[in-house]
Amino acid sequence: MDEKRFYIKDIFIGVVISFISTMILFFIFACMMANTSISENLINPSIIILSGISIFFGAGIASKKIQKKGICVGATIGGIYIIFMYIISGILSGNFGINMYSIMMILISILMGGIGGILGVNMP
């Protein structure tokens with residue numbers, strides 16, 4: 001039971017790290033958009049890429065701490081992250097619809113979390 005509590009704590013920390021790094025990366029991207037002539041067509045792909053990087057980072061840190069089941073830990077972090085993002089986005093926009101963009105975000109979140117988890121477990 002004690003070991004599961006540590007897993008939950010470490011997974012929670014991984015999700016929090018993912019959210020914090022997402023906010024930092026989104027802030028940097030927003031500053032770049034405001035001060036350069038970056039096309040607004042790049043917003044959706046950039047959100048996907050920056051979220052994936054954040055999840056990868058958070059999953060890697062959490063799975064490095066746990067040191068086992070990296071793909072499961074990482075995919076769980078990606079899944080929890082995207083559920084929270086979906087709920088927050090739905091509340092703010094008033095639209096809880098599932099479209100191709102949503103499906104792509106779900107798949108990329110779980111995939112990047114799994115990859116980050118695998119690499120986190122195998123890092124020295």
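Helices here are DSSP runs of H or I with at least four residues, strands are runs of E with at least two, and both are numbered from the N terminus. The model is predicted: local features need pLDDT of at least 70, side-chain atom pairs count only at pLDDT 80 or more, and totals for chains, interfaces and linings use all residues. Residues are numbered from 1 along each chain as its sequence is written, and side-chain values use heavy atoms, without hydrogens and water.

**View A. The whole chain is built from helices and has no strands.**
The protein chain has 4 helices and 0 strands. Follow the sequence and the pattern reads α-α-α-α. Along the principal axes, the C-alpha atoms fill a box of roughly 50 × 30 × 20 Å. The radius of gyration is taken over C-alpha atoms, and the globule rule is 2.2 Å times the number of residues to the power 0.38. For 124 residues, a compact globule would come near 14 Å; the protein chain has 15 Å, which agrees. Of the 124 residues, 34% are buried. Buried means under 20% relative accessible area, exposed means over 50%, and partly exposed lies in between (1.4 Å probe, protein chains only).

**View B. Met32 and Ile38 sit on either side of a change from helix to loop.**
Met32 belongs to helix α1, residues 2–35. Its relative accessibility is 42%, so Met32 counts as partly exposed. Asn44 is 12 residues away from Met32 along the chain, and their C-alpha atoms are separated by 15 Å. Ile38 is in the loop between α1 and α2. With a relative accessible area of 24%, Ile38 is partly exposed. How far apart in space are Ile38 and Ile80, C-alpha to C-alpha? Ile38 and Ile80 are 31 Å apart, with their places 42 residues apart in sequence.

**View C. Gln67 and Lys69 mark the loop between α2 and α3.**
The loop joins α2 (43–66) to α3 (70–93). The expected span of a helix is 1.5 Å times one less than its number of residues. The 24 residues of α2 should therefore span 34 Å; its end C-alpha atoms are 34 Å apart, which agrees. Just after α2, Gln67 takes a positive phi of about 70°. Gln67 is a residue other than glycine. Gln67 is also partly exposed, at 43% relative accessible area. Lys69 lies in the loop between α2 and α3 as well. Its phi is positive too, about 55°, although Lys69 is not a glycine. Is Lys69 buried or exposed? Lys69 counts as exposed, because its relative accessibility is 55%.

**View D. Helix α3 carries a set of buried residues.**
An α-helix has 3.6 residues a turn, so residues three or four places apart point the same way. The buried residues of α3 are Gly70, Val73, Gly74, Ile77, Gly78, Gly79, Tyr81, Ile82 and Gly90. The 24 residues of α3 should span 34 Å; the end C-alpha atoms of α3 are 34 Å apart, which agrees. What comes just after α3? Gly94 follows, with a positive phi of about 75°.

**View E. Phe19, Tyr81 and Phe84 form one aromatic cluster.**
Rings of Phe, Tyr and Trp (its six-membered ring) pair if their centres lie within 6.5 Å; planes under 30 degrees apart count as stacked, over 60 as edge-to-face and the rest as tilted. The structure holds 2 aromatic pairs. Tyr81 of the cluster is among the buried residues of α3. Ile103 is placed in helix α4. Ile103 is partly exposed, with a relative accessible area of 38%. From C-alpha to C-alpha, Ile103 and Tyr81 are 14 Å apart in space, and they are 22 residues apart in sequence.

**View F. The largest pocket holds about 430 Å³ of space.**
Pockets are found on a 1 Å grid over the protein atoms alone: a cavity is a set of points where a 1.4 Å probe fits but cannot get out, and a pocket is an open set with protein on both sides within 12 Å along at least five of seven lines. Lining residues have an atom within 4 Å of a point. Points are joined across faces, edges and corners, and the volume is the space filled by probe spheres set on them. The largest pocket is lined by 19 residues. Nearest its centre lie Met85, Tyr86, Ser89, Tyr101 and Ser102. Which helices each supply at least two residues of the lining? They are α2, α3 and α4 (100–122). The largest share, 7 residues, comes from α3. The lining divides into 10 nonpolar, 9 polar and no charged residues. Here Ala, Val, Leu, Ile, Met, Phe, Trp, Tyr, Cys and Pro count as nonpolar, Asp, Glu, Lys and Arg as charged, and the others, Gly among them, as polar.
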